[in-house]
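Got the model open in your viewer? Here's a walk through it, one selection at a time.

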Amino acid sequence: MTLPTDQDPPHVNPADDSPADDAAQISKGEHRNLTVLAVHQILLRVGWLFKAETVVMPAFLDSLVAAGWIRGILPLFNRLGQGLSQLVFAGFLSRLHKKTTALAVITLVMAFLYALLAFLFWGESPQNRSGAIWLFLGIYLLFFLITGLYQQTYGTVQGKLIRPNRRGKLLLISSFWGSIPAIGFSLWLMPRWIDQTPIDFGGMFAFVASFFLLSAVSLWFCWEPSRPNTTDDKKTPPGLSELWKIFLRDRNLRRLFYVVFLTNASMTLFPHYQAFARDRLGLGGLHMVFWIVVQNMSIGFLSLLLGSLADRKGYRVCLQLVIVGSTFAPALAMTLASVGPALGARCFWLVFVGLGFIPLGYRIMSNYTLEIGPTHLHPQYLSIASLAASLPFLMSPLVGWLIDLSGYDSVFLMSIVVLIVAVGLSLRLEEPRKRLPVDQTPPIPLETEE
């Protein structure tokens, strides 16, 4: 595969249509697809709430063994799994003509893995806790390897079927309206599972599996045009060397890589907020339900702002707002620790308002990535951006160990400094909406080889 230079036409791959043809294709059935993808995301989100990475999963691991370095393995497996699987899958996904079918199959596998967790951990705590820990972590890693494929495939489907100036609406609908059933189910069902001794994690995992299954079935109603096979489709799909060439030759993609890397370095703190509240303020149990509700309300209201802003102004400014907002959680946690346990305990839920930026951040990063790369290279661009989001989590066990060694405050302070640097670097990102109409597929902004 030969990469274009700045002087080349936007689409050098003969399998791709012209920008005008692409716009005509995705306009057909776009309203239906937007509705189906929104329902798909809402169902997935309701299930995901009952496995919240900031509360439920670290609390489950703490029920087996409460250690910062083991808790730090969760974000490592989470993000590294997503990044590695996307690098391998990018070329294969580029050649698939019915990407919604792949998305449905991947979602079904995610449902199966949580059904397996529900079966294994239903009822009493396991006697062999050491074996249970590593069995759980193995399934957890496999789940996020599959989740990486999901994120990449969903982004590619969205890039193929929804125009750039409509993706913010999809984000708004799925996040805001998805928060309503998510909060309703959490208030209805989660207290009865959490307010037990031990906590009924098996019931929550079964609920996750059920809604993942419904989410997969909903994709049956999606309309996707299938392009005929071409000679170009039979070529060997781009490998790691091609991803490296794309990275080296696209200056703006490199800038995005550094911004995402630094932003996600601070996100290694996710599983430690609930431990901070337990250790410093004596909170837990039903407080976790309230934190989950607050985080989901935050996601819903933030999506109203960011979704409409993205369609009007582009995703660069939204990405910058997410980074700035992400500093809120560690800064407030440090503040609450210093004002006394009584006030800190009453106000700790505010930390989860800041954590509401996190789920939206990955989707905003993905949508910005879709706009700076051409349609036929969307899987490759998404895999590079996902790798940037994954690499910082190699440090996650180290972060947990530092918390065990020196406490929370110094680690939280370091994360704030890193986020400030990321904000500064994000000011140099390009705004692709300034280059061409938002209903067209953007050309690849590569630098001319010297």
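Start by colouring this predicted model by confidence. The average pLDDT of the protein chain is 81, and 85% of the residues score at least 70. Now pick out two elements: among those of the chain, helix H1 (residues 19–27) has the lowest mean pLDDT, 51, while helix H9 (residues 201–218) has the highest, 95.

Next, select residues 228–237, where pLDDT stays under 50. The model has 15 contacts beyond four places in sequence for that stretch. Do likewise with residues 437–450: pLDDT stays under 50 there too, with 51 contacts beyond four places in sequence. Where pLDDT is low, the predicted coordinates should not be read in detail.

Switch to a cartoon view of the whole chain. How many helices and strands does the protein chain have? There are 21 helices and 0 strands. Of the 450 residues, 60% are buried. Turn on a surface and you're looking at about 17700 Å² of exposed area, with carbon and sulfur atoms supplying 67% of it. As for how the chain comes together, take the contacts between residues at least 6 apart in sequence: 88% of them join residues at least 24 apart.

Time for some cysteines. Select Cys 318, which is buried at a relative accessible area of 0%, then Cys 222, buried at 11%. If you're hunting for disulfides, the count is 0.

Now go to helix H7 (residues 129–161) and select Gln 158. Buried or exposed? Gln 158 counts as buried because its relative accessibility is 4%, under the 20% cut-off. Show its side chain together with that of Asn 367: the two make a polar contact at 2.9 Å. Beyond its neighbours within four places in sequence, Gln 158 also touches Arg 167, Leu 170 and Leu 370, among its contacts.

Another glutamine is worth a stop. Gln 320 lies in helix H14 (residues 315–326) and is buried, at 16% relative accessibility. Which residues is Gln 320 in contact with, leaving aside its neighbours within four places in sequence? They are Ser 426 and Leu 427. Gln 320 and Ser 426 sit 106 residues apart in sequence, yet their C-alpha atoms are 6.5 Å apart in space. Zoom in and you'll find a polar atom of the Gln 320 side chain 3.1 Å from the backbone oxygen of Ser 426.

On to the charged residues. Side chains of opposite charge can pair when their charged atoms come close. The structure holds 6 salt bridges. One of them joins the side chains of Arg 163 and Glu 30, at 2.6 Å from N to O. This pair links distant parts of the chain, 133 residues apart: Arg 163 is in the loop between H7 and helix H8 (164–194), and Glu 30 is in helix H2 (residues 30–49). Both Arg 163 and Glu 30 are buried.

Keep Glu 30 selected and add Arg 166. These two form a salt bridge as well, with their closest N and O atoms 3.7 Å apart. Here helix H8 is tied to helix H2, across 136 residues.

For a last salt bridge, select Arg 280 and Asp 409, whose side chains meet at 3.6 Å, N to O. Again distant parts of the chain are linked: Arg 280 is in helix H12 (residues 272–281) and Asp 409 in helix H21 (residues 408–426), 129 residues apart. Arg 280 is partly exposed at 35%, and Asp 409 is partly exposed at 31%. To finish, show Glu 30, Arg 163 and Arg 166 together: salt bridges that share partners join them into one network.

Technical notes:
Residues are numbered from 1 along each chain as its sequence is written. This is a predicted model: local features need pLDDT of at least 70, side-chain atom pairs count only at pLDDT 80 or more; totals for chains, interfaces and linings use all residues. Side-chain values use heavy atoms; hydrogens and water are left out. pLDDT is the predictor's confidence in each residue, from 0 to 100. Helices (H or I, at least four residues) and strands (E, at least two) are DSSP runs, numbered from the N terminus. Contact means heavy atoms within 4.5 Å. A disulfide is a pair of cysteine sulfur atoms within 2.5 Å. Buried means under 20% relative accessible area, exposed over 50%, partly exposed in between (1.4 Å probe, protein chains only). Accessible areas come from the Shrake-Rupley method with a 1.4 Å probe; for residues, only the protein chains shown count as cover. A polar contact is a pair of N or O atoms within 3.5 Å; within protein, one must be able to donate a hydrogen and the other to accept it, and residues adjacent in sequence count only if both atoms are side-chain atoms. A salt bridge is a side-chain nitrogen of Lys or Arg within 4 Å of a carboxyl oxygen of Asp or Glu.
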